[in-house]
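Me: I have a structure open and want to talk through its empty spaces and helix contacts. Can you keep the answers short?

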Amino acid sequence: MYAPPPAQARVYAQPRFAPTVTQEMRIRAGMQAPQQVVTDTPWTGAVRKTQPETEPDSTGNIVRLVAAILVLVGLVIGLALLALLGGLSFGVRLFGLIGLAAIPLLGIIAYVLWLDRWRPQPKLLLGICLLWGAVASVILTLGFSLVGEVALYMIGINGVPDVIGAVIQAPILEESTKTVLLLVIVLAARRYFEGPLDGLVYGSLIGAGFAFTENILYLGQSWNDGEFLGLAMTFAMRCLGSPLLHTAFSTCAGVSIGLAARKWPWWSLILMWLPGLALGMILHGFWNASMTFLGVLGQATSDVMGGMLPQIIGLVVLSVILSAAWVTLGLILRRSERMHTQNMLGDYANSGWLTHAEVDMLGTWKGRKNGRDWAKSFPGGKEEMKTMIRTSGKLSTTRMRVLAGIGGEQERKIERAELQQFADARERLLAASKQTASQQTVR
């Protein structure tokens, strides 16, 4: 417990926000050493053993968490203001409008969360994406539209023609205001935006939120006109006939950014936003142009449904094609993500951190399920297995970042910490299984 004074003193880092202490000051205020110097005590060793290892970059994580919470609070306040305006416009009918608009929204959310199950992203980010689409992008679109109209009026142009507004102005403004959040997420929290599946998840929720608010406005307008038939037709065409339009449009930018986020430098993320954004705008503009043309065609032919038959047929056909493409893309990316995880974990198996049998278990849905079923028979085993599965997903992301040279030495520290976390969970799980086996043997 006691020993002579150490031969070399440790140099402690200077705090940032405190007066600088120089060596001269320490010499001038020197103190006499005790006869016996304390080197260690039993309790400090015990504390070190019980302390969890601090995750590297924890300060940065806290800053990002606080920023995300502030953004979420701001979006919730904006949602409350929109709800207040909706109440003033539609009265108690607003609750019915929300219920109707929520039908496609809930289906989209369910499918997106199912896609996200393999390596779940933070629920906080998912909530921000949904609210951004429902609140911020709607407000920004309306704001930019108003500014544009005022600017045109000041130069003597009395507004934008309806066709130009629908085919050009709306796609440009709406897709830009929706998907700019994707850039913010990938630049500020790239660890949680690591591939195209993440981009599909985030982009889909943004688009679904935007469509939710837009549907409320269109449904409310039909209801205010006092025509139940018009309300039913609007609900059928927007909520049932074409529920995935904005979701599919926003997905384009998310996937293009995700392709770059996996291994390219930060500046490429901005560049890769542009092709996805352009594709979303083109699809959006093509949709609006097609509906406008078919509407005019229907009026010219005077069909039995008041000129709406060509528009209804075109809406169903185009919506089925777009929806099928979006659903299929999600399935393809989900399978690709599983294979990517298995591939990255293979590096750890080849170096001895994992066994190849563990990679087979952690890299397949069936293996994960079998692992959970086996572990739940031990005290605390199910939670330890969940930790191993969750950590394996993090490790696949970290390994790819290390291989791509993203994050530098800090990323290697994170990798070592995650490997230790995995090893500790595995050790606790094996200890619980041995303890259970010995108890069963005694009985």
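Reply: Sure. The second largest pocket is lined by 35 residues, and Pro120, Gln121, Pro122, Tyr192 and Lys394 lie nearest its centre. This is a predicted model, where local features need pLDDT of at least 70, side-chain atom pairs count only at pLDDT 80 or more, and totals for chains, interfaces and linings use all residues. Residues are numbered from 1 along each chain as its sequence is written, and side-chain values use heavy atoms, with hydrogens and water left out.

Me: Which elements give two or more residues to that second largest pocket's lining?

Reply: They are α3 (58-90), α5, α6, α13, α14 and α15 (408-442). The largest share, seven residues, comes from α3. Helices here are DSSP runs (H or I, at least four residues), numbered from the N terminus.

Me: What counts as a pocket, and as lining?

Reply: Work on a 1 Å grid over the protein atoms alone. A pocket is an open set of points with protein on both sides within 12 Å along at least five of seven lines. A cavity is a set of points where a 1.4 Å probe fits but cannot get out. Lining residues have an atom within 4 Å of a point.

Me: What volume does the second largest pocket have?

Reply: About 1100 Å³. A volume is the space filled by probe spheres set on the points, with grid points joined across faces, edges and corners.

Me: How does its lining split by class?

Reply: The second largest pocket's lining has 20 nonpolar, four polar and 11 charged residues. Ala, Val, Leu, Ile, Met, Phe, Trp, Tyr, Cys and Pro count as nonpolar, Asp, Glu, Lys and Arg as charged, and the others, Gly among them, as polar.

Me: Now the largest pocket. Which residues are closest to its centre?

Reply: The largest pocket has a volume of about 1400 Å³. Of its 42 lining residues, Ala166, Glu214, Tyr218, Arg238 and Asn288 are the closest to the centre.

Me: Which helix supplies the largest share of that lining?

Reply: α7 does, with nine residues. The whole lining divides into 20 nonpolar, 16 polar and six charged.

Me: Switching to closed spaces. How many cavities of 30 Å³ or more are there?

Reply: Two. The largest cavity holds about 40 Å³ of space. Among its lining residues are Ala101, Leu105, Phe212 and Asn215. α4 (93-115) and α7 each give two or more residues to this lining.

Me: What classes line the largest cavity?

Reply: Eight nonpolar, one polar and no charged residues. The second largest cavity has three nonpolar, one polar and four charged residues in its lining. Asp116, Arg119, Asp198 and Glu337 are among them.

Me: Helix contacts next. At what angle do α13 and α14 cross?

Reply: Roughly 155°, and their axes come within 7 Å. Axes are lines fitted to C-alpha atoms, for helices over the stretch in contact, and angles run from 0 to 180 degrees between N-to-C directions. α13 and α14 are therefore roughly antiparallel to each other (over 145 degrees counts as that).

Me: Which residues make the contact?

Reply: Arg368, Gly371, Arg372, Trp374 and Ala375 of α13 touch Gly381, Lys382, Met385, Ile389 and Ser392 of α14. Contact means heavy atoms within 4.5 Å.

Me: And α6 with α9, roughly parallel or roughly antiparallel?

Reply: The axes of α6 and α9 cross at roughly 30°, so the two helices are roughly parallel to each other (under 35 degrees). Their contact divides into seven nonpolar, four polar and three charged residues.

Methods
Parallel < 35°, antiparallel > 145°, perpendicular 65-115°, else oblique.
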